[in-house]
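Let's take a walk through this model together. Keep the sequence and the 3D view open side by side, and we'll begin with a pair of charged side chains.

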Amino acid sequence: EGTLLALAGKLNPVHAAAVEAAIERCGARRSVRLLCYVPDERLPALYRGALAFALPSVYEGFGLPILEAMACGAPVVTTDGGALAEVAGGAALTVPAGDAAAWAAALRRAAADDAWRRRASEAGLAQAARFSWRACARGTAASFAAALR
């Protein structure tokens with residue numbers, strides 16, 4: 001029986017202990033793996049191997065993790081908080097932040113709907129291709145130039 005949910009991301013020790021306790025309370029030790037920090041060089045393999053990538057963030061200033069996942073072909077489920085829905089550009093399934101029932105439904109869909117995952121993967125690859133560090137640098141330079149005029 002393999003892992004059904006892998007939780008990745010830097011956690012302070014207090015939060016990590018709380019997450020471990022919640023996993024134990026739910027009886028999910030066999031199906032949940034707490035990865036904590038994952039080095040950048042290992043993220044692409046993690047994204048490519050995922051059935052879907054979920055980012056339940058309440059607020060993000062930009063949303064680079066969803067673009068990274070999309071660029072690796074992972075279907076994305078994320079919140080409508082901050083810039084996430086805009087960055088996803090319709091290529092992700094967006095869920096209201098803090099709505100546990102909506103998150104449960106979205107994750108069930110991501111796990112069960114092969115056709116949605118294929119469509120989301122293709123749409124995500126196209127959406128991620130719209131972003132590049134070169135375009136970011138040009139936009140930043142143009143903003144600075146406009147501010148200095």
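Start at Arg29 and Glu20, whose side chains meet in a salt bridge with N and O 2.5 Å apart. The term here stands for a side-chain nitrogen of Lys or Arg within 4 Å of a carboxyl oxygen of Asp or Glu. Before going further, keep in mind that this is a predicted model: local features need pLDDT of at least 70, side-chain atom pairs count only at pLDDT 80 or more, and totals for chains, interfaces and linings use all residues. Residues are numbered from 1 along each chain as its sequence is written, and side-chain values use heavy atoms, with hydrogens and water left out.

Back to Arg29: it is partly exposed at 36% relative accessibility, and Glu20 is partly exposed too, at 30%. That label covers what lies between buried (under 20% relative accessible area) and exposed (over 50%), with a 1.4 Å probe and protein chains only. The pair isn't on its own, either, since Glu20, Glu24 and Arg29 are linked in a network of salt bridges.

How many salt bridges are there by this rule? The count comes to four. One of them joins Arg117 to Asp114, the closest N and O atoms being 2.2 Å apart. These two residues sit three apart in helix α6, so about one helical turn separates them. Arg117 counts as buried at 14% relative accessibility, whereas Asp114 is partly exposed at 42%. Another salt bridge runs between Arg109 and Asp113, where the closest N and O atoms are 3.4 Å apart. Arg109 is partly exposed, with a relative accessible area of 34%, and Asp113 is partly exposed at 23%.

Now swing over to the strands. Helices (H or I, at least four residues) and strands (E, at least two) are DSSP runs, numbered from the N terminus. β1 (residues 5–8) pairs with β2 (residues 32–36) in the parallel sense over four bridges; pairing takes at least two DSSP bridges between the strands. To trace the match, look at Leu5, which stands opposite Val32 in β2, and then at Ala8, which stands opposite Cys36. Together with helix α1 (residues 13–25), β1 and β2 make a right-handed β-α-β unit. Right-handed means that, with the strands pointing away from the viewer, the path from the first strand over the helix to the second runs clockwise.

Cys36 brings up the cysteines. A search of the whole structure finds zero disulfides, a disulfide being a pair of cysteine sulfur atoms within 2.5 Å. Why does Cys36 have no such bond? The closest cysteine sulfur, in Cys26, is 17 Å away, and that is too far. Cys136 tells a similar story: the closest cysteine sulfur, in Cys72, lies 18 Å from its own, again too far for a bond. Cys36 is partly exposed, with a relative accessible area of 23%, and Cys136 is partly exposed at 38%.

Last stop, the surface. Phe62, Leu64, Phe131 and Trp133 form a nonpolar patch with about 420 Å² of accessible area together. Patches take residues with over 30% relative accessible area and no salt bridge, joining like charges within 9 Å and nonpolar side chains (Val, Leu, Ile, Met, Phe, Trp, Tyr) within 5 Å. The areas come from the Shrake-Rupley method with a 1.4 Å probe; for residues, only the protein chains shown count as cover. You'll find Phe131 in the loop between α6 (114–129) and α7 (133–148), partly exposed with a relative accessible area of 31%.
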